Amino acid sequence: MDTHVVLFGLLCLFDLCIGQGVLRCNPELQENRDYLGKNIILLPSPDVNHCQLLCTQHPNCQFFSYVRADSSDEANRFHCNLRTGLRKKVKQPGVTSGFSLKACSPDPEPCLSQLYHGVSFSGADYQTLFTSDYESCQRVCTNDPYCRFFTFFNESFETAKYRYKCHLKYNWNIPRTPFVKKLSGLVSGYSQKLIIAQPVTACEVQLFTNAEILGNHTRHLLTASPEHCHALCTAHPQCTYFVYDSEDYKCYLKDDPNEMVMRAKDGVTSGISASFCQHENNWAKKTTAGVDFWGADLDDLLADDAEGCQRACTENPHCQFFSYVTKTFSNRNLRRICYLKSSITLPVPYDVSNLANAVSGFSLRSCALSTIPEVQVPGSST
Ligand SMILES: *[C@@H]1O[C@H](CO)[C@@H](O)[C@H](O)[C@H]1NC(C)=O
């Protein structure tokens, strides 16, 4: 049964060291087993395949245990436990465990075609409408570039006035840098894979420097540049404009389609969503000196300069952004280390639970583009 081999430790070839070790591609799932180790994060997930993809996209997840819909542990059903440092495997009915597919060259935008009957994905709504059936709701979702997943209430839904209601839902599909900190001697940047070929109708990104747009923000993130903040605003269905503070790297997204009041403010950059344009990822070309994209480490290696680190990030299929320790950094022992980093871009519902006469699923947008429709996982049948 346990034929997989997981090697950890430091592997150094010439001057290239891979800190996180080498994982063999092992897509096998084990039912009614809980793999114990260090917990990283607990995420809602509708099935074990989605859970395995979450582990695959998480920078340091090595394996996972998924609490299935049939588990007697009602409170933890539909939860995906991402873990590292396998300690032991124990018998646990209702739990399926397996490993990250990082070593299996997974599709970064996998096709999620499974439908979930009697299941609700709650939260993250940006729009609702009425459709005649769940197929139409899924079609609307697939055709709307913002939509990542949906929940539909069918004609038997308990509350009569919500029957035929289609909820369109969003979560981030472009990489986010979880922490951005000032740190002199470091250079941070992004994988050049993120830069798609220049679309024909891309429009100029207009930024208002030393200007603030007033009003409350709906959410905030950390980004190293106003351009990345602009890209996040553009990608979000509920962002009309943003304000970026270069002092603490905070990117404030605001949502007011009625008015826009601007005033002068030093050190602040503002801009409006370019959702009417084709997305361009020029923000990813820029590297920033004196900034650390703290945490989210996927791997580390040695590189001669920031360009070499960026190349390593671009060549690594999982790397989205990096931080490089230059030779001016105070601690000599850390100089030349290139940290490769990543974040989850898979659709993740806020919560997954049983709900009679609800049907949930994902946008099929990536299915049309992807050549391999689904990650084939042997032994996943019940
Ligand atoms: C409504 O949804 C439930 C759960 O998905 C399903 O069992 C039921 O057959 C559906 N009802 C109709 C009339 O389609």
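Ser105 counts as exposed in this predicted model, with a relative accessibility of 65%. The residue sits in the loop between β7 and β8. Its backbone is a bit unusual on paper: Ser105 is not a glycine, yet its phi is positive, at about 50 degrees. Asn210 makes a good companion case, since this residue, also not a glycine, has a positive phi near 50 degrees. Asn210, though, is found in strand β13, which covers residues 207-213. With a relative accessible area of 40%, Asn210 is partly exposed; that value falls between the 20% limit for buried and the 50% limit for exposed.

Stepping back to the whole chain, the protein has five helices and 22 strands. Of its 382 residues, 49% are buried. The accessible surface adds up to about 18,800 Å², and carbon and sulfur atoms account for 52% of that area. Contacts reach across the sequence, too: taking those between residues at least 6 apart, 74% link residues at least 24 apart.

How far can the model be trusted? The mean pLDDT is 89, and 88% of the residues reach at least 70. The two ends of the chain are another matter. Over residues 1-21 the pLDDT stays under 50, and the model has 43 contacts beyond four places in sequence for this stretch. Residues 370-382 likewise stay under 50, with 22 such contacts in the model.

Helix α1 is worth a slow look. Nine of its 10 residues are buried, so the helix is largely enclosed by the rest of the structure. The buried set consists of Val48, His50, Cys51, Gln52, Leu53, Leu54, Cys55, Thr56 and Gln57. What do these residues pack against? Their partners are β5 (29-44), β6, β7 and β22. As a general point, an α-helix has 3.6 residues a turn, so residues three or four places apart point the same way. In α1, burial takes in runs of consecutive residues, such as His50, Cys51 and Gln52. At the N-terminal end, Asp47 acts as a cap: one of its side-chain oxygens lies 3.3 Å from the backbone nitrogen of Asn49.

Gln57 belongs to α1 as well, a helix that spans residues 48-57. Why does Gln57 count as buried? Its relative accessibility is 14%, and the limit for buried is under 20%. The side chain of Gln57 comes to 2.9 Å from the backbone nitrogen of Thr345. Thr345 is also among the residues that Gln57 touches once those up to four places away in sequence are set aside. The others are Pro108, Ser342, Ser343, Ile344 and Leu346.

Helix α4, at residues 306-315, has a buried set of its own: Ala306, Gly308, Cys309, Gln310, Ala312 and Cys313. These residues pack against four strands, namely β12 (181-190), β19 (297-302), β20 (321-325) and β21 (337-341).

Loops can hold buried residues too. Ser71 lies in the loop between β6 (63-67) and β7 (79-99), and its relative accessible area of 4% makes Ser71 buried. A polar atom of the Ser71 side chain is 3.0 Å from the backbone nitrogen of Asp73. Leaving out neighbours within four places in sequence, Ser71 is in contact with Arg77 and Gly94.

That leaves the ligand. Which residues surround the ligand? The shell is made of His117, Gly118, Asn154, Glu155, Ser156, Asn357, Ala358 and Val359. Sorted by class, the shell has two nonpolar, five polar and one charged residues. Two polar approaches can be picked out. One ligand oxygen lies 2.3 Å from an N or O atom in the side chain of Asn154, and a ligand oxygen is 3.3 Å from a polar backbone atom of Gly118. On its own, the ligand has 360 Å² of accessible area, and the protein covers 52% of this. The elements giving two or more residues to the shell are β8 (116-122) and β22 (351-362). The largest share, three residues, comes from β22. This strand has already come up, as one of those that the buried residues of α1 pack against.

How values were computed: Residues are numbered from 1 along each chain as its sequence is written. This is a predicted model: local features need pLDDT of at least 70, side-chain atom pairs count only at pLDDT 80 or more; totals for chains, interfaces and linings use all residues. Side-chain values use heavy atoms; hydrogens and water are left out. Buried means under 20% relative accessible area, exposed over 50%, partly exposed in between (1.4 Å probe, protein chains only). Contact means heavy atoms within 4.5 Å. Accessible areas come from the Shrake-Rupley method with a 1.4 Å probe; for residues, only the protein chains shown count as cover. A polar contact is a pair of N or O atoms within 3.5 Å; within protein, one must be able to donate a hydrogen and the other to accept it, and residues adjacent in sequence count only if both atoms are side-chain atoms. pLDDT is the predictor's confidence in each residue, from 0 to 100. A residue is near a molecule or strand if one of its heavy atoms lies within 4 Å of it. Ala, Val, Leu, Ile, Met, Phe, Trp, Tyr, Cys and Pro count as nonpolar, Asp, Glu, Lys and Arg as charged, and the others, Gly among them, as polar.
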